[in-house]
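This report describes selected local features of one protein model. The sequence and structure are shown first, followed by the description.

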Amino acid sequence: MTNEIITASSPAGTSALLATVGNKVRTMRKDKGMTLSKLSEITGLSPAIVSQIERGLANPSFTTLAQLAHGLDIPVGKFFLGQEETRSPVVRKSERRNLKGVTKKSVGEAVYELLTPDLNGALEAQWIVSPPGHDTSATPFRHSGEEFGIILSGKKDIFLDGECYTLEAGDSITFSSDTPHWYKNSYEEVCVAIWVNAPHVW
């Protein structure tokens, strides 16, 4: 887990976004009647890290955001994707929104980008790039809905309730999101995939 501390040299836009995320975390925590210590206990994050995030002083990684979202029982996207103006139905490659964290700097070892214009519809599509060794088994996913994925290049292991399915370029998979699932790139090549969730989970 990595958390970058925002300094005076950080872009104003990034600092403002992190402050917004922090305010949302604090508001949601208080709305659920949780103390900072309780949220720390549920998420496994230290009270100091949670406090820094709430004050907009830390740039949380995707794993950290996922832990907070799990603790607050909300989709991760609620932290940093709010109500927005009407968007074009087209998403240009250069305009994809990063879902791995709140800034490009917090992408870390994998890339998660939104292919749909926003999260107001019934589904979301993601562009996912997983480097060799990428492994989400430490934090299995489980939520309502259904998922579809297709491998564009490379290979990836998809685990459904512990059972492994190895997918290569051109292979696809569909499964209930309620099944505990995680992903692992055990190979030497970067894996590029498109993943679709319905309803959206971010």
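## Burial of Ser-177

In this predicted model, Ser-177 has a relative accessibility of 0% and therefore counts as buried, the cut-off for that class being under 20%. Ser-177 is located in the loop that lies between strand S9 (172–176) and strand S10.

## Surroundings of Ser-177

The side chain of Ser-177 takes part in polar interactions with two consecutively listed residues. A polar atom of this side chain lies 3.4 Å from the backbone nitrogen of Glu-146. The side chains of Ser-177 and Glu-147 are joined by a polar contact of 3.2 Å.

When neighbours within four places in sequence are left aside, the residues in contact with Ser-177 are Arg-142, His-143, Ser-144, Gly-145, Glu-146, Glu-147 and Asn-197. Glu-146 and Glu-147 thus appear both in this list and in the polar pairs described above.

## The sheet containing S10

Strand S10, which follows the loop of Ser-177, belongs to an open sheet of 3 strands. The order is S8-S7-S10, and the pairing is antiparallel. Strand S8 (163–168) and strand S10 (181–184) are the edge strands, each pairing on one side only. From one strand to the next, the twist averages 25°.

Strands of a sheet pair through backbone hydrogen bonds, in either a parallel or an antiparallel manner. Here, strand S7 (residues 155–160) and S10 run antiparallel and are joined by 4 bridges. Ile-158 has Tyr-183 in S10 as its bridge partner.

Note on methods:
Residues are numbered from 1 along each chain as its sequence is written. This is a predicted model: local features need pLDDT of at least 70, side-chain atom pairs count only at pLDDT 80 or more; totals for chains, interfaces and linings use all residues. Side-chain values use heavy atoms; hydrogens and water are left out. Two strands pair if DSSP finds at least two bridges between them. Helices (H or I, at least four residues) and strands (E, at least two) are DSSP runs, numbered from the N terminus. Axes are lines fitted to C-alpha atoms, for helices over the stretch in contact, and angles run from 0 to 180 degrees between N-to-C directions. Buried means under 20% relative accessible area, exposed over 50%, partly exposed in between (1.4 Å probe, protein chains only). A polar contact is a pair of N or O atoms within 3.5 Å; within protein, one must be able to donate a hydrogen and the other to accept it, and residues adjacent in sequence count only if both atoms are side-chain atoms. Contact means heavy atoms within 4.5 Å.
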